Every structure is written in structure tokens, then in C-alpha cells.
Amino acid sequence: MDIWNRHFECMDRSDLRKIQSERLRRTVERVYFNVPYYRHKLQEAGLGPEVVESIDDIRKLPFTTKNDLRDTYPFGMFAVPMSEIVRLHASSGTTGKATVVGYTRNDVSTWSEVMARTLTSAGAGRNDFIQVAYGYGLFTGGLGLHYGGEKIGASVIPVSGGNTHRQLQLMRDFGTTVIACTPSYALYLAEAIQDNGISRDDLKLRCGVFGAEPWTENMRKEIEEKLRIKAIDIFGLSEIIGPGVASECQEQEGLHINEDHFFPEIIDPETLEVLPEGSVGELVFTTITKEGLPLIRYRTRDLTRLNYSKCKCGRTLVRMDKCLGRSDDMLIIRGVNLFPSQIETVLLAMSEIKPHYRIIVDRLNNLDVIELQVEVDEVFFQDKISQLQNLRNRLQDNLENAVGLSIKVTLVEPKTIERSEGKSKRVIDNRKF
Ligand code: DLL
């Protein structure tokens, strides 16, 4: 099997450490001198730009969280003047404010490089037709896969998300060999293929690169059987670069992290201590080559484990386990990140509505659906039905505007939603992960 960048992907680990040490040193200098927010943080911790001698010194550095990005919204953590930023992307923040990320020209080229590695390790090459059914736009999925696909010389089909009929038509007419989308959409497509009477023999699909949301080994089996393809897990987050942070190889035994660009650690989310090798904990990344938005010890909130043993594929890059949980309450609905607090903000802005609500997430025909049950004042139930409908429509619109997802709203009478003592259980997630 091909390896895109044998030099870095199969490097002796002691050589890799030297490179990581040097790159970390330069990154800390860069943020110290170019990002006032980081300079204050480092000074507060009594640290100067010379603190890093080797990669081991990373443990002395302060953490960065989504809140830091929110506090400096939109561009406050950028380390270069805007004239050097050639691309902006964004993902949801905890209060409705997006997390904005910026790329220099070199960052875009790093991103294409790590995506080329991702696609090559999935088994794709210049003769493939890659149908990119991740969303194009502020979300990093579409353009990330797009640039990687072009870099390896494949024929990229930039169809973006949704419009299943068109997806199927292109898949058949163009002879798509690689499909890139969320795993839940892959299952949806599999069923749509059947329902539309398309014979699998009319399709040339042979592999899929799936990520942006958690999925289980069972889902993988189902996708592989139904679509008759190899299903590869790809992982990433916008703050670090987008997709391209880590990806599986043909062995499908963990996702290789592009450690020469993104240095991983596993910490205990409560004590913030680095955990011994092999422990499950929260994944933390330091970008060591990014120019636009370098991040130091960024807390991803994703829970996983690192495996440093050499992989059968020959790559020496550390592997992370499939990522199944988070240490915060973020939900991923059809690939869109959603914090319950975003919904709460919308509710609190509408005086007719009581802040008693429940979010129910389900997966129907392999598509995530989300319902919000919320209590409204009794008078609405005594009045004309039209008033109730009107309120529901307004709430539905406000929600869609705020979170970018259509949410089914059910208005219920006061005191129908179970009250709980202590921590309330506002989210019921019936999807099987
Ligand atoms: O989801 C980037 C991406 C696009 C990855 C396309 C893969 C494919 P964000 O929108 O910032 O970026 O969401 C990042 O999604 O912290 C994880 O919680 C979750 N996530 C991403 N990939 C996986 C995966 C993109 N393979 C957040 N398995 C991350 C489980 C994933 N969770």
C-alpha cells in the first residue's frame, strides 16, 4: 500500500522527537511575540519564550480551551496580520458565537499535505473519483477533502452534502470510487441505493472516508456490508486544522496522528494531569507548524487513548483509538456541533417560553433527528390553536437561525417535563453509538 510521505510517516521516533522539539520551540516563540493573549497567559505562568528546550517541556505550558477562542472572537488569537490570512472557517461555539479559524497560505498547504496522507492511507490514489459529500462552506469537511483529493491527483467531485438523488446519480454516472461523508449519511446513502433500485454492480465504490461524528465498529460493519466498501475513520477538528489530524490506514487498528504537525497528549479532564501511556483520557493537541492560528495544548474534549506501538502498515506515527465520547455535553447532529446551551440561549430570549425543556435525539432511517420539548405558559393552551402554532413556528425559526439545524419543536403544558433534583438530564440521546 502506498504511503504519501514516507519520510515523515515512517520516521524513526527519536528523530521525530527532535523535529517536534524544534517545532514546539518555534511555535511558543511565535505565540509569545505575536499573540498578546498568549503572551499574558505565559507571563502569568511565569514563563518566557525560552521555556521550551525539548518537547517534554510542553507540560509546563498552559492549556487553551474553546472559551479562550470565544473570548478573543473573532480573530484575537491569530498570530499573523490579516493580510496573511487566505482562508477563514468556523464551527459552533458554546454560546452561539462561532469559533473562527484562519489559515495562511502555508497552513492551507499543510492541510492539503495531511489530507493527502489521509486519502492515501485510505487507499485512494490518482485514478480515483472522490465524491466529496461533506458540506462545503464554513465547515472544514468539504474543502479539506477537496484539497487533499486534488493533491493526490484524484478526480474530485465537489457535490457537497445533501441532495441524495443527485449523489446517487453522480455516483453511478461518474463512477465514483471513493465516497467522503459522515458515517450516518453513508448508511443513509446505502439505503437510498437499495430503495432506488440501483444495483450495487452499477457502482464502482470501493472505499469511504468517514468522520466528523462518532461511529461504532458495528456501524462500520454495517456500512462495509451494505456498500461493499472499506470504511475508513478520519478524525479532525477545525481548531487544529479540520479533517487531516488523524486517520486510519488499511489495518483499521487506530488512527495515525500527524504528529509532526499536531502533538498529542492525553490528560485527566478533572485534574489536568498528563496520564500514563495507554490510559483513556481527554485528547489535547498542540499545533507545531501552524502559522495563522497556532494553539498550545488545546483541549479537544474528545476521549480516547494513544498507542505508540509500530503499526503493521509501517507507519511509526502514534495511533489514537476510535473516538467515542466527549468530556463535555456537545452533541454532533448530522455533522453539526451543537451545545444544549445554544438552545437554551434561544429559549431564554423568548418570554412566552419557560426554561424547562428536554432535547431528544434519535436516528431515523440513519438520519439524526432532534426534537425539543419545551413548556409554555398555560394561556397558550386555552387560546386558539393558531397562537400555539404561531409560537411553535417562531421558535423553530429562531432555533434554525441560531444553530443551523432544523429542530422539531413540541410545546407542552407547564410541569409536564420531569423535574430532577441535582443535575437535570436535559438531553436524551437515543442513537446507538
Ligand atoms: O468535524 C472536521 C472533520 C470533517 C473531521 C470531516 C472528519 C471529517 P469540527 O466541526 O470542528 O470539525 O468538529 C470536531 O467532531 O472534536 C470530535 O468530537 C468530532 N469528530 C470529528 N471526527 C470524528 C471521528 C470536524 N472520526 C469534533 N470520530 C471533534 C468521532 C469525530 N468524532
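**The ligand shell, two helix pairs and two backbone details**

In this predicted model, the ligand is surrounded by 21 residues, with Asp233, Ile234, Ser238, Asp302 and Arg326 the closest. Sorted by class, this shell holds 10 nonpolar, 6 polar and 5 charged residues. Two elements of secondary structure, helix α6 (140-151) and strand β7 (230-237), each contribute at least two residues to the shell. Of the elements, β7 gives the most, with 5 residues.

Polar contacts to the ligand involve both backbone and side-chain atoms of the protein. On the backbone side, a polar atom of Ile234 sits 2.7 Å from a nitrogen atom of the ligand, and a polar backbone atom of Glu213 is 3.3 Å from a ligand nitrogen atom. Ser238 takes part through its side chain, where a polar atom lies 2.4 Å from an oxygen atom of the ligand. The protein buries 97% of the 610 Å² that the ligand exposes when taken alone.

Helix α6, already met as a contributor to the ligand shell, also packs against another helix. Two packed helices are described by the angle between their axes and the distance between the axes. For helix α5 (residues 105-121) and α6, the angle is about 75 degrees and the axes are 7 Å apart. Because angles from 65 to 115 degrees count as roughly perpendicular, α5 is described as roughly perpendicular to α6. On the α5 side, the contact is made by Val108, Trp111, Ser112, Glu113, Met115, Ala116 and Leu119. These residues meet Thr140, Gly144, Leu145, Tyr147, Gly148, Gly149 and Lys151 of α6. By class, the residues of this contact comprise 7 nonpolar, 5 polar and 2 charged.

A second helix pair is formed by α2 (residues 13-34) and α3 (residues 36-44), whose axes cross at roughly 105 degrees and come within 5 Å. Here too the crossing angle makes α2 roughly perpendicular to α3. From α2, the residues involved are Val28, Val31, Tyr32, Phe33 and Asn34, and their partners in α3 are Pro36, Tyr38, Arg39, Leu42 and Gln43. The contact of α2 with α3 consists of 7 nonpolar residues, 2 polar and 1 charged.

Two details of the backbone deserve a look as well. Most residues other than glycine have a negative phi, and most peptide bonds are trans. Tyr73 and Pro74, however, are joined by a cis peptide bond with an omega of about -5 degrees. Pro74 belongs to the loop that runs between α4 (66-71) and β1 (85-91). The other detail is found at Asn366, which is not a glycine and yet has a positive phi of about 65 degrees. Asn366 is located in the loop between strands β18 (353-364) and β19 (367-376).

Methods. Residues are numbered from 1 along each chain as its sequence is written. This is a predicted model: local features need pLDDT of at least 70, side-chain atom pairs count only at pLDDT 80 or more; totals for chains, interfaces and linings use all residues. Side-chain values use heavy atoms; hydrogens and water are left out. A residue is near a molecule or strand if one of its heavy atoms lies within 4 Å of it. A polar contact is a pair of N or O atoms within 3.5 Å; within protein, one must be able to donate a hydrogen and the other to accept it, and residues adjacent in sequence count only if both atoms are side-chain atoms. Accessible areas come from the Shrake-Rupley method with a 1.4 Å probe; for residues, only the protein chains shown count as cover. Helices (H or I, at least four residues) and strands (E, at least two) are DSSP runs, numbered from the N terminus. Ala, Val, Leu, Ile, Met, Phe, Trp, Tyr, Cys and Pro count as nonpolar, Asp, Glu, Lys and Arg as charged, and the others, Gly among them, as polar. Axes are lines fitted to C-alpha atoms, for helices over the stretch in contact, and angles run from 0 to 180 degrees between N-to-C directions. Angles under 35 degrees count as roughly parallel, over 145 as roughly antiparallel, 65 to 115 as roughly perpendicular and the rest as oblique. Contact means heavy atoms within 4.5 Å.
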